[in-house]
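Q: Please take one part of this model and go through it closely. I want to know where it sits, what covers it and how it fits into the whole fold.

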Amino acid sequence: MLRLLCFTAHPDDEAGGFGGTLLHCAQRGVETHVVCLTPGQAATHRGGAKSDDDLAQMRRQEFNAACNLLKVKSGTVLDYPDGKLDQQNFYEVAGDLTRRVREVRPQVIITMGPEGSVTAHPDHSMVSMFATMAFHWAGRTNRFADQLQNGVTAHRAQKLYYGTVMFTMPDRQPVSLPPATAIIQIGQEGVDGKVAAFRRHTSQTPLFPFFEDMVRKRGVQELFHLVATSTPMKAQIETDLFAGIVE
């Protein structure tokens, strides 16, 4: 069984950053999993929520609806504070994600880049750092050895990718994006599915027109940067995140 694990920072990142690829992979028989670190309770758009707790509950439900549409096998929203991932204990959060890698046992992990994606959001940068260390540490028996019991064993994922794009947002602070090394053709069905999944996040309705315009301008592909591999190799342009993967 091929398995893909996606780490994100906020509900709607799974659709906005990776929706086309998640749907494309699921449709070809890959088991997909998404772990979102925060429930997004600090969002600017509140969807009528009367408190942070109300918004968190709302966004968890929206996340579940989006994951169902994208045919995600399992979607999990953790309880780390939105907007404050840079204030968390790095080793503890990395350990949490390391355990999740060992439990899911994916061959491929995808996440955001340390630049914070096109928005340069600090939470995006931090999930990148946490997920990167989880990728490397999950396969080492001398990292979080206390996890290695009750059937949990070290697991070495074979590839780590950062999502990327071929544009920047001129009204934002400068961002230096990783170059694309994998071009995934998601087709029109993938574009439409990505937009539909984002629209499940109804608390973020004011963002819908901008998001859909940006997605449709980008065309029928999603881009990734290959960061690390379990087997040393030369960089090359790929069209499949699972190219060279051993089941």
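What follows looks at the central sheet, with strand β5 as the part to examine: how is β5 paired, and is it buried or exposed?

A: The model is predicted, so keep that in mind throughout. Start with the whole, then close in on the strand.

The protein has six helices and seven strands. Along the sequence they come in the pattern β-α-β-α-β-α-β-α-β-β-α-α-β. In space, the seven strands form one open sheet. Its order is β3-β2-β1-β4-β5-β7-β6, and the pairing is mixed. Two strands sit at the edges: β3, residues 74-77, and β6, residues 182-185. Each of these pairs on one side only. On average, neighbouring strands in this sheet are turned by 25° against each other, direction ignored.

Now β5 itself. In the sheet order, β5 stands between β4 and β7. Take the β4 side. Strand β4 covers residues 108-111, and β5 covers residues 159-164. The two pair in the parallel sense, over four bridges. Two residue pairs help you find the register. I109 has L160 of β5 as its bridge partner. T111 stands opposite Y162 of β5.

Next, the cover. Six of the six residues of β5 are buried, so the strand is largely enclosed by the rest of the structure. The cut-off here is under 20% relative accessible area. In a regular strand, side chains alternate between the two faces of the sheet. In β5, K159, Y161 and G163 lie on one side. L160, Y162 and T164 lie on the other. Both faces are covered, and these residues are all buried. Note that the buried set includes K159.

What lies across β5? Helix α4, residues 122-137, does. This helix also lies across β1 (3-8), β4 and β7 (221-229). Its direction is about 165° to that of β5.

Helix α4 leads on to the nonpolar core. The largest core holds 59 residues. Within it, F7, I110, L241 and F242 touch the most other members. Helix α4 gives the most to this core, with six residues.

I110 links the core to our strand. Leaving out residues up to four places away in sequence, I110 touches L4, L5, C6, F7, F18, Y161, F224 and L241. Y161 is the one to mark here, as a buried residue of β5. F7 and L241, also on the contact list of I110, are themselves among the residues that touch the most other core members.

F7 takes you to the other side of β4 and further along the sheet. There β1 and β2 run parallel, joined by six bridges. F7 stands opposite V35 in β2. Strand β2, residues 31-36, makes a useful parallel case to β5. It is mostly covered, with six of its six residues buried. E31, H33 and V35 point one way, and T32, V34 and C36 point the other way. All of them are buried.

Now check the loops on either side of α4. S117 lies in the loop between β4 and α4. Its phi is positive, about 65°, although S117 is not a glycine. S117 counts as partly exposed, at 22% relative accessibility. N150 lies in the loop between α4 and β5. This residue is not a glycine either, and its phi is near 55°, again positive. N150 counts as exposed, because its relative accessibility is 77%, and the cut-off for exposed is over 50%.

One more residue is worth a stop. M58 lies in helix α2, residues 52-69. M58 is partly exposed, with a relative accessible area of 22%. Beyond its sequence neighbours up to four places away, M58 touches R46, G47, A49 and S203. M58 and H201 are 143 residues apart in sequence, yet 8.8 Å apart in space, C-alpha to C-alpha.

Step back to the whole again. Among contacts with a separation of 6 or more, 80% join residues 24 or more positions apart. Of the 247 residues, 53% count as buried. The exposed area is about 11,300 Å², and carbon and sulfur atoms supply 51% of it. The C-alpha trace spans about 45 × 40 × 35 Å along its principal axes. A compact globule of 247 residues would have a radius of gyration near 18 Å; the protein has 17 Å, which agrees.

To sum up β5: the strand pairs in the parallel sense with β4, has helix α4 lying across it, and is buried on both faces.

Note on methods. Residues are numbered from 1 along each chain as its sequence is written. This is a predicted model: local features need pLDDT of at least 70, side-chain atom pairs count only at pLDDT 80 or more; totals for chains, interfaces and linings use all residues. Side-chain values use heavy atoms; hydrogens and water are left out. Two strands pair if DSSP finds at least two bridges between them. Axes are lines fitted to C-alpha atoms, for helices over the stretch in contact, and angles run from 0 to 180 degrees between N-to-C directions. Contact means heavy atoms within 4.5 Å. The radius of gyration is taken over C-alpha atoms; the globule rule is 2.2 Å times the number of residues to the power 0.38. Buried means under 20% relative accessible area, exposed over 50%, partly exposed in between (1.4 Å probe, protein chains only). Accessible areas come from the Shrake-Rupley method with a 1.4 Å probe; for residues, only the protein chains shown count as cover. A nonpolar core is a set of buried Ala, Val, Leu, Ile, Met, Phe, Trp, Tyr and Cys residues joined through side-chain atoms within 4.5 Å.
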